[in-house]
Every structure is written in C-alpha cells, then in structure tokens.
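Please look through the structure below with the paragraphs that follow it, which begin in one helix and then widen to the chains.

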Amino acid sequence: MAARTVAKDIITLRGSAAIVSEFFGYAANSILYNRGVYPEESFVKVKKYGLPMLLTEDEGVKSFLANLTAQLSEWLEAGKLQRVVLVIMSKATSEVLERWNFSIETDSEVVEKGVSREKSDKEIMREIQAIMRQIASSITYLPCLDEPCVFDVLAYTDKDVAVPFTWVESDPKLIANPQMVKLHSFDTKIHKVDTLVSYKNDEWDEQ
Amino acid sequence: MAEAEMEKITTIDPETEFLASKRKNGNEWETFKENVRPLKRGRNVNLLNHALNSHTDNQLKKSLVQQRSKLIQAIQEYQGDDPLLPWIQCIKWVQEAFPPGGDSSGLVVIYEQCVRAFWHSERYKDDLRYLKVWLEYADNCFDADVIYAFLDANGIGKPHSIFYISYALHLESKNKFKAANQMLELGISRNAQPIEKLKAAYRQFFARSMARPIAIDDSVEKLAPTRSFGTVLAKGENRAPLSILNSNRDPSAKNDRTRAAPLSIYKDSADTGDTDPHKPDPSHSWHTLGARADRNKENNAIPGKWKSYKVPQRPGTRVGGATPSAFIPVFVDEECQDSQSKKAEGCKSSSLKIRQEDDKELKRETELLRKNPLRNFPQNSLPR
C-alpha cells in the first residue's frame, strides 16, 4: 500500500504576515459588501481562496484598505499586533452597531529567533475559506442595518509601537451587552487568527 | 502584583473574555442558513441553533410546539399590570424558535390577536412595543395600506418617528411619492421622537426624489400601481478619494440607487401592417375532413351498466353542519355580567383566545389574514 505524504510549505514570518494582512483586506471587503455598508454595484467579483469574492471599486475605500493592510503587515512582522477590529457605526448617531474582531496570537519564538514553520498553503486556504463562508452566512443572525452606516478600523498594538501620523488614539468603541458569535479561526503556525462578531441585539422598547 | 492582575481581569472587555473562555456557539446557523428568515433586530445564535436542530430531531420539534402552547397559555393566565408583556415575550420567542417564519409558525395569527386585543386601549396607543407589533404585522401582509390607514385613523403610534418612516417607505414603494413626503412632514410637524431619525429619513427620501429622473405627478399616482421589471443599477461617478486620516468611511454619498427610467416600447418598422391578423391563413386550412371513423373517434367507448358504478361520497361534509371556526354563543347570567366587566383589560374574550389549531388550520388562517389583515376587527372600527 503506497503511503501518501502531505506536502508541507515552509512559512516565514514575512510570508505569514502577508497571508494575514491580505486575509484582512478580503475579509473587510466581504463584510462591507455583505452588511450593505456600500451599495452592491460598487463591488466587483474576483476569485480568491477558491471562492467568488467581492472587492470594492470605490477609490477612497480601496486606498484606505491598501494603506491599512500595508501597515498591518508591518506590525505583524514585528509581532506587535494583538487585534484588529472593524467597527460598523450609525452615520447619524455614531452608535456602534457591530464589531468584527480579529484576534491575533503570534508565535514569539519565530519573531525572536527568526525560525520558520511548516504548513501547507492548501490547508491555510481551506481555513480562510471557512471564515469567508461564515461572513457571508452571518446575515442569518445579524440585525438589519436599515440606516446609513460608516466603518472604522481599530488596531490593538503593543504599547511600545511607533504610531504613524495617519493613526489616532481611540476609545474601544464597545457595545453594551452584546450578542457574540465566534467564527472559525485560521492558523499559519506563526499567526493564529480568531474571528468573532459582536452585535447589538435591538429590543422592542428601543427607538 | 496580584492586585494589578485582578484589576486587569475586572477591566477585560466582553469579547476578550468570550474568546478566552473557549465557549462554542455551534454552527447549525451556517448549515441551515437557507432556512432562516433574517430578523430586523437580529437573533440569539444559541436559540437559533437549538431551533435549527429541530429540522433533524422530531422530539425537539414537538417540544417547540409545546413551549409555544405554554406561552399562549401564559398570555391567558397573566395577572400582572402590563398585559402586553406576555404577548411580546411570546412573539419574540416564536420569532426565534421558528426561524423560517412561514405559516406553520403561527406568527401572523399571534400578531393579529395581539393587536386586536389592545387596539381600543388608550394605555397602549402610544406604546412603542405595541406599535412595533403592528408594523411587523404589516410587514407580513400582502398589502399594508389598510393597516397603516387603521393606525392613522385610530391615532396609534403618533408620537413615534418609526410610524411615519415605515408608512412613508410603504407609500414610496407604491410610487405615491407626494403622500410619502406629506407623511414625513406630518411626523416632523408633530415632533415625533426620535426627531433626528425622522429628519435623517426625510433627507434620504429627498435625495432619492432628486435622483428620480422623471417627476411623477398626482394624476399618474392615482392610476393602478406600476410594476417594475427588474432593477437598473446605475453606476455613479467615482467619488473623490478619501484621506486615510478620515477615520470613518462614509458610503452614503453613493448609497441610493437611481430609479429605472420607463421602458421604451420597440416597434418593428419592417412590418407596415399589411397583414390583417383576423384574416385566416389559407396555408393552414383543412382541405379534407377525414373519414367518418376519424371524426367520430370520441364516441368509441362502449356504454356499460350504470348499476355497477358507485358515486364516491365526500367524507365528513354535511349540509348545514357547523364550520370548524364557528363559535357557540355562551349565555351569561345578568348577575355575573357585572363582575365579568370589572376584570382587567388584559383578559381577552373567548374569541381572542389563540386556539390550539393544527397546522392546516393555522396555515389557512394565516393566509386569510395576509389577504385581509383586519378581517376579525369590528366593522365600525375600520377606517372609512
């Protein structure tokens, strides 16, 4: 009987940072599309992670996300990034309606000693694919956003990190008594990303 | 050190705590996503997963139906000072426990019986919870016109902006733009709360009106409702690039779709109308009628004895029998009548009780209510 070996790919810190930051870019686009923050006609379909993904064609959002992912990649390589949160707020009242929380655990040994890890690209892609599917399915339990909304991105970093001038200190923009749903996670063996969405569960006596 | 650690634990945010606890939600919501009707207020995922398991577990399905019966019983037995509360609890539970919605959930029947129980109550006229039940009922009916007219005529939900916004959106969906505009203006003039939300809705309505290519005047509005065949998505011009210093990405500038222009009707210029559509085409005429046997082929069946044929009887139908929905009028002694009238307003008459109907009956009643939402209301209460 022939034994089958699974091909393992060598993953470096830089490679892992690129995978995670790229994932965040696609996840952000997917959230903005699926939650109707931007009109659907401003998105274009591309194939990524073996799935049809939607990317914004809005130049402003495109440049914002491009700058964001570049900065995240830098922080991930330095092992300084703990969490990235995409916050959806009411445009009229600035009330926080949803928080998409991407929590990151970094293998400190890789950062300190520069060693690499092994994991197949296919396996990582499958894990990311599962998260993307869940983002698309989340409309089954999330509240309808029936008012114009804006989004913001919060980055939780180590205290000693140098903050670029394009970033400002922010409050955590938390939701009081939120409903929380843990989505799938993915692991590059260097960075482990846990995904969670928390949302405001509207009550009947609220305006 | 221990003190500092304790401080850290107490100030931990709920999301970090949730992730650290390694709690699992279950993924039934993902597996059965096609069977879930999104709720405006969102859903509790644990309840949703529990309800979705009933697709594969008959015992669980039975327990959900039993729980619904208990909640209905609780409405009838409620003795507290807020008789609307058990109705709200029941509605919320049914919405969560029957994710596909649909007729078998009994939700439409519960909405109707709830709104009918309190429509004359001064106490609940301005209650936001009661108004929301009405609006959800309207969402589930084929034509909500009659419901909004009823609410307007009876002054239900007057102080709440959500009433004017919902009514205006409904009117706008029927191309009654002038009436929608008047409704929003009426809400603003009445200072309906929260006024900011109402003003924001008015601004959005105004923006949509400006984007509309052709102004529709009243004469057109009064015609039969127009039908749109598909949606034309207009691709707006690219906006000026946003600076990364802008912490909020604001999509609203592009968020309104432009209304499709009227369809132009294509006329074929090649055909000049020479052919008369009523003239018979000689190429397809019958030149022969065929043999007698061909013409009489329907009459080939050999007649048999009628004695051997039994007319099938329709089981259970009797002329003049009581229909399932008919009620026997209950005689009330005059002495007892006084004590009965002193009961709290929350106690419903027998006609208001939610009957423990089987699925077929429930579906039938739901269908009737969708077509005529106020069918069980007294005639004199309906708007003229």
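Trp134(B) and Tyr137(B) lie 3 residues apart, about one turn, within helix α8 of chain B, where helices (H or I, at least four residues) and strands (E, at least two) are DSSP runs numbered from the N terminus. The model is a predicted one, in which local features need pLDDT of at least 70 and side-chain atom pairs count only at pLDDT 80 or more, while totals for chains, interfaces and linings use all residues. Residues are numbered from 1 along each chain as its sequence is written, chains are lettered from A and ligands numbered from 1 in the order in which they are written, and side-chain values use heavy atoms, with hydrogens and water left out.

In the same helix, α8 (residues 128-139), Tyr130(B) and Trp134(B) are separated by about one helical turn because they are 4 residues apart. The ring centres of Trp134(B) and Tyr137(B) are 6.4 Å apart and their planes stand at 45 degrees, so this pair is tilted; rings of Phe, Tyr and Trp (its six-membered ring) pair if their centres lie within 6.5 Å, with planes under 30 degrees apart counted as stacked, over 60 as edge-to-face and the rest as tilted. Tyr137(B) is buried, at a relative accessible area of 0%, and 0% is also the value for Trp134(B) and for Tyr130(B), where buried means under 20% relative accessible area, exposed over 50% and partly exposed in between (1.4 Å probe, protein chains only).

Over all chains, the structure holds 23 aromatic pairs. For Tyr130(B) and Trp134(B), the centres are 6.3 Å apart and the planes at 75 degrees, so that pair is edge-to-face. Ring pairs join these residues into a cluster whose members include Phe118(B), Trp119(B), Phe150(B) and Phe377(B).

Confidence in chain B calls for care, since its mean pLDDT (the predictor's confidence in each residue, from 0 to 100) is 70, with 52% of residues at 70 or more. Over residues 1-10 of chain B, pLDDT stays under 50 and the model has 0 contacts beyond four places in sequence, a contact being heavy atoms within 4.5 Å. Where pLDDT is low, the predicted coordinates should not be read in detail.

Chain A comes to 4 helices and 9 strands, and 50% of its 207 residues count as buried. In chain A, the charged end of Arg83(A) sits over the ring of Tyr156(A), 4.2 Å from its centre, the criterion being NZ of Lys or CZ of Arg within 6 Å of the ring centre and within 35 degrees of the ring normal.
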